[in-house]
Amino acid sequence: MTATATPLGTAAPLPLRGRQWPLAPFLYLAPMIVLLAVFTYWPLLHTIYLSFVQWNMNPDQPMRWVGAANYSGIFNSPLFDAAFRNTLIYIVASIPLKVLLPIPIAIFVWTLATRGQVYRALLFLPTLFSFTVVAVVFLWLLNPIGGHFVQVARLLGGQWPNVLTDPDLAIWTILLISTWKVIGFNTLLYVAGLASINRDYVEAMRLDGASDWSLVRHLLWPLLTPTTLFVLISTVIFAIQQVFTPIDIMTEGGPQNGTTNLFYMVYQYAFRTFNVGFGAAGTVIIFAFLLAITLIKMRTLDRHVQYQQ
Amino acid sequence: MTLGTPWRAVGHLVLVLLCLSMVVPLLVALGMAFKPPNEVYSLVPWPQAPTLDNFRRLFEQVPFHLYLWNSVATTALRVGGQIVIAVLCAYAFARWEFPGREWLFGAVLGAMMVPHTLTMIPIYMMIAELQWFDTWRALVIPNLAMPFAVFLLRQHFRSFPRELFDAAEMDGAGHWRALWLVVLPNLKPVLSALAIILFIDCWNEYFWPLLVTDAPESRTVQIGIREFLEADHNDFGGLMAGVTLASLPALAVFFVFQRKVMDTFVASGIK
Amino acid sequence: MKKIRSIISGLVLTLVAATAHAQTEIVFYHYQTGAPGKTLRAILDDFQKINPDVVVKDIYKHSEQITGEVQAALAARRPVDVTSVIGKNIVFFAGATPAVALNDPKNGDTRWLDAYLPNFLDAGRIEGKIYAIPHSYGTPQLYYNKDIFRKAGLDADKVPRTWDEVIAAATQIKQKTGMAGVAHLHASMGDYGTMVMVTNAGATYLNKAGTKAEFDTPQGVAVLQMWQDMAKSGIMPVANDQQWGAAFQAGQMGMYITSSAALRGFVASAQGKFDLGVAQYPLWKEQPRRVNNSGAAIMLHAPAGPRREASLKLLRHLSRQDVSNHWSRETGYMPLIRNPQADPAMAKYIAEFPLVRPSIAQMAETLPTATWPAEGTLEAQVHIKNMLDELWAAKRPASAIVPETVRKVNEALSVNLKK
C-alpha cells in the first residue's frame with residue numbers, strides 16, 4: 001500500500017523513498033494516540049475492573065474481589081433510588097426547557113438578521129461565566145435571609161418559598177438555574193443552524209403565498225433537526241455531568257437527596273466515603289444508561305431525520 | 001424574512017425579558033463587589049458609596065493572587081498543548097492515507113463520546129501514584145487530548161484549496177515545512193476560535209481541580225471562590241469581588257475575539 | 001598539620017551549619033479560618049521562633065469536610081503530621097487511620113497531658129491510650145441582638161433563660177419587626193446541633209460505646225418537634241449555619257445559638273452595627289443545663305522519626321497553659337488546661353470582658369461530646385442530616401421522622417456490634 005497525498009482532491013501520490021508504511025503520519029498522531037490510550041481508553045477499562053472489587057483507597061489495604069456485590073449494593077441503596085429518579089427528572093425536564101424552547105426564540109432572532117446583534121450578544125453572556133460563579137451569584141440572590149428574592153417577595157406582601165431547602169422544590173431550582181446558564185448558548189446554536197438558509201429562497205416562498213407556519217414546518221424545521229439532535233445529546237450529558245457544580249455548591253445533593261444525581265452519587269461514593277468499588281460500579285451504571293439513551297436516539301430519531309432528508 | 005406584527009411584538013417582549021434575566025443577576029453581583037458591608041442587603045443593585053475594600057479583604061482572607069496565577073499558568077499550558085497536539089493529529093489525518101487511517105480516526109472521535117465521569121476514578125488513582133497532587137501536571141496532562149478540536153480542524157482542512165499544497169510540494173517542501181508555511185497561516189481564524197473555546201472551558205473548570213488540588217497555593221480561581229465562600233461567614237461583598245475578578249479574563253478574551261467566534265459558529269454550522 | 005586542622009575545622013563548621021539549617025517540615029490540617037485562623041498561624045509562628053529547626057505548614061479545610069479531606073490525604077500518601085479531628089470522630093479516626101498514641105512511653109514523658117481538664121481529655125482516651133488532645137472545644141451560647149429586642153418591644157436586659165422564653169421572644173420579633181427571630185446551629189451535618197438539643201432535653205444521644213442512637217424517647221422527640229415548629233412558624237428561616245451566621249452578624253436576625261467559638265467574630269462584626277448580648281444556652285423546662293462541647297481535638301499521624309519528634313514538640317507547645325489560654329482568649333474556645341483562672345492574664349481577661357463570662361460559667365455544665373464508633377459513622381451521620389432536612393420541610397411530624405431515623409442510624413452502626 002502506498003501512501004497518497006491528502007485526499008483534498010489531489011490524485012498525485014506523495015513520492016515515497018521505497019517505504020511501504022509511512023512513518024510521518026504516525027509521528028504526528030503519536031501524542032494524541034498515546035494520551036487517549038493512557039487517559040481515556042485504559043481508565044475506561046480499569047473502571048469496569050474496579051467495579052468488581054472493594055477498596056478504600058488506602059494504599060496499605062489490598063483490593064478484594066467481590067464480584068457483583070457492588071452492583072447489588074448500589075441498586076439496593078436508598079441513595080440510588082433518589083439519584084436515579086433525579087437524573088431522569090433532570091433529563092426529561094431539560095428537554096422542553098433547553099432543547100425545544102430555544103427553537104422559536106432562535107427563529108425569531110434569525111428573522112431579525114443584523115438587527116438581532118444585541119440580543120445575540122446578551123444571550124451569550126451566561127456562557128462566559130463559569131458555573132461556579134453562576135451558582136454563587138444565585139446562592140446569594142436566593143438567600144433565605146435577606147436575599148433579593150426574599151426581599152422583593154416581602155415588599156409584595158408575600159413569602160418567598162424555601163426553594164433550596166424544600167426537598168421537592170430544590171431540584172427545580174437547580175434546573176431553572178442550569179436552564180438560565182445554557183438557554184442562550186443553545187439558542188445561538190440554532191441560529192447558526194439556520195444561517196445557511198438563502199434568504200432569497202425564503203422571499204420566493206413568501207411570494208408564492210407561504211404562511212409563517214408553513215415556512216417553519218417545511219423549511220426551517222428540517223434544517224434544524226441535525227442541530228436539535230446535537231443539542232439533545234449535549235443536554236443529556238450536561239444534565240449528568242455539568243450540573244455537578246451547582247449541586248455541589250448549592251445543596252451538596254440534599255436536602256434529603258433531593259438534588260443528587262447519578263454522577264454526584266458516584267462522586268460521594270468514590271471521593272467522600274472512599275468506596276472505590278461502589279464508585280466504579282456507579283460509573284458503569286451511568287455508562288450503560290448513556291448507551292441506552294444513545295441507542296434509543298439512533299433507533300427513533302435518527303431514522304426520523306433520514307426520512308426527512 | 002418578515003413576521004406578522006403581533007408575533008413580532010411577542011417575540012421582542014420575550015427576548016427582552018430573557019435578556020434582562022441574563023443581565024440583571026450579573027449586574028447585581030457586579031454592584032455588590034463594590035458595595036460596603038452595610039449596603040449588602042439593600043435591594044438597590046448599585047452601591048451608594050462604592051468602595052474597593054471588598055477586593056482588599058478578598059486578597060487578605062485567601063491568597064487570591066495565587067489562585068489567579070495558577071489559573072492563568074495552567075490554562076495557558078493546557079490550551080497551548082491541546083492546540084498543538086490537535087493540529088498535529090488533524091494534519092496527519094488530512095494529509096496522508098495510511099493503513100488504519102479510518103479506524104484510528106474513529107478511535108479519536110470515539111474518545112469524544114467518553115465523558116469524564118467514566119474515567120475519573122482510575123485517573124485519580126494514577127495521580128496519587130505519580131504524586132502529581134497539587135501540581136500543574138495533574139491539571140494539564142490528563143486533559144491534553146481534545147478530540148473535539150481534531151473534529152473541528154478536520155472540517156476546515158476539508159475546505160482547503162489544493163493548489164496551496166501542490167505549490168508547496170513542487171517547491172520541495174517536506175510535510176513539516178508545509179505545515180508551518182502553508183497550513184497554519186490559513187488556520188488562524190479557526191485556531192483563534194478554538195483557543196477561546198478551550199480557554200473558557202479550562203478557566204471555568206470546577207470538578208477536576210476540586211479533586212486533584214488541595215493546598216491553598218495550588219488551587220485555581222474557581223475553587224478559590226468556593227474556598228472563600230466557605231471561609232468567611234459574613235463577606236458577601238468580598239465573595240462578589242472574587243466572582244468579578246474570576247470572570248474578567250473570559251469576558252476580556254471574548255470581547256477581543258468576538259468576531260472570530262461568531263463567524264466560526266456561523267461557518268462550521270453544526271451538521 | 002596546621003593546614004589539616006584548618007581543613008577539618010572548616011568541614012566541621014560546614015557540617016554544623018548544614019545541620020543547623022536542616023529543617024523539618026510538618027504539616028498541620030485544621031479548619032480555622034478568619035480571625036481564629038490568623039491567631040493559629042501566629043501561635044505557629046511563635047512556635048517556629050522558639051524551635052527554629054521546625055517549619056509548620058498549615059493547611060485549611062472546611063470543618064464539614066476536614067474528616068474526609070484528611071482521610072483522602074492519608075490515602076494519597078500526602079504528608080499528614082498533625083490534624084484537627086472533630087471530637088465526635090476521634091474513635092472513628094483512630095480506627096480508620098494510623099493515629100499515634102500520645103501517652104506511649106516511646107514518645108517521651110507524659111506529664112504534659114496531665115495538664116488538661118480530665119473530662120475533656122477522656123474523649124481522646126481509647127482503651128487506656130490517649131490519641132487526641134483537646135484543642136478547640138466550644139460550648140453553645142445564646143447570642144442576641146439587643147437593638148432588635150428593643151425594636152420588638154422586648155426588654156434588652158432580660159435575656160431569655162428557657163426555651164419557652166426564647167420561642168416567645170422570637171415570635172414577638174417576627175411579628176413586630178418582620179425579621180428572623182432565632183436559629184440554632186446544626187453544625188457537622190446536623191449531628192452536633194441535634195446532639196445538644198436532645199441532651200439538654202434529658203435524652204441520650206448515643207450510648208456510651210457510640211454503637212446505638214437512643215434519642216427516640218419522648219423528650220428527644222419533643223425537643224425535635226420544637227425545632228420543627230420553629231421552622232414551620234417562620235421564626236426560624238430554613239437555611240444553614242453560614243447563612244444564619246452571616247445574617248446575625250449583619251444585624252438581620254434577633255438571636256442565634258451557636259458555639260462560644262464565634263464570640264470574637266461576633267464582637268468584631270457587631271461593633272458599630274448593633275449592641276451584642278451573650279447568654280447561656282437556654283434551659284429545657286427548668287431542667288438542669290446539659291450541653292456537649294463542640295469542636296476539635298488534635299491527633300498525631302506523623303511517621304516515626306524527625307517529623308514525629310517535631311510534631312510532639314508542637315503539641316507540647318500548644319499544651320502550655322499560657323499558649324492554651326491565649327488561644328482561648330483570642331477565639332472564644334474554652335480554656336482547657338486545669339485552673340484557667342490561676343493564670344493572671346486569663347483572670348484579668350475574664351474580669352474585663354463580661355461577654356465571655358457565660359461560657360466560662362457554663363464549662364461546669366458542659367459534657368464531653370458523644371463519640372461515634374469506628375464503622376458506619378459516615379452513613380449514620382448522613383441519616384441525621386436528612387432527618388433535619390425532613391423536619392424543617394415539615395411534611396411529617398417529629399414523632400414519625402425521629403424513630404425512623406434512629407432505626408436507620410442503628411442499622412448503619414450495627415456493623416460495630418458484629419465484632
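In the predicted model, the secondary structure of chain A amounts to 13 helices and two strands. Of the 309 residues in chain A, 42% are buried, and among the contacts of this chain with a separation of 6 or more, 66% are accounted for by residues 24 or more positions apart.

Chain B is divided by the domain assignment into domain 1, covering residues 1-51, and domain 2, covering residues 53-268. To the contact between these domains, domain 1 of chain B contributes 10 residues and domain 2 of chain B contributes eight residues. On the side of domain 1 of chain B that touches domain 2 of chain B, eight residues are nonpolar, one is polar and one is charged. Chain B also meets chain C, with 13 residues of chain B in contact with 16 residues of chain C; the side of chain B that touches chain C comprises eight nonpolar, two polar and three charged residues.

Within chain C, five strands form an open sheet with mixed pairing, in the order 2-1-3-12-6. The edges of this sheet are occupied by strand 2 (54-60) and strand 6 (132-138) of chain C, each of which has a single partner strand, so that one side of each is left without a neighbour in the sheet. On average, and with direction ignored, neighbouring strands of the sheet are turned by 25° against each other. Strand 3 (residues 82-86) and strand 12 (residues 294-300) of chain C are paired in the antiparallel sense over five bridges, and C:Val82 is found opposite C:Leu300 in strand 12 of chain C. Helix 2 of chain C, spanning residues 34-50, lies across strand 1 (24-30) and strand 2 of chain C, and runs at about 165° to strand 2 of chain C.

With respect to the nonpolar interior, the largest core has 254 residues, and the residues with the most contacts inside it are A:Val136, B:Cys89, C:Met253 and C:Met255. When residues up to four places away in sequence are not counted, C:Met253 touches A:Ile145 in chain A, together with C:Met179, C:Ala180, C:Ala183, C:Trp244, C:Ala247 and C:Phe248 in chain C. A second core, separate from the largest one, has 21 residues, including A:Ile107, A:Tyr119 and A:Leu194 of chain A as well as B:Leu15 of chain B.

Methods. Residues numbered from 1 in each chain as written. Chains lettered and ligands numbered in written order. Predicted model: local features only at pLDDT ≥ 70, side-chain atom pairs only at ≥ 80, totals over all residues. Contact = placed C-beta atoms within 7 Å. Nonpolar A, V, L, I, M, F, W, Y, C, P; charged D, E, K, R; others polar. Pairing = 2+ DSSP bridges. Helix = DSSP H or I, 4+ residues; strand = E, 2+ residues; numbered from the N terminus. Axes fitted to C-alpha atoms, helices over the stretch in contact; angles between N-to-C directions. Domains from an automatic or database assignment. Core = buried A, V, L, I, M, F, W, Y, C linked by C-beta atoms within 7 Å. Buried ≥ 20, exposed ≤ 12 C-beta atoms within 10 Å, placed from the backbone.
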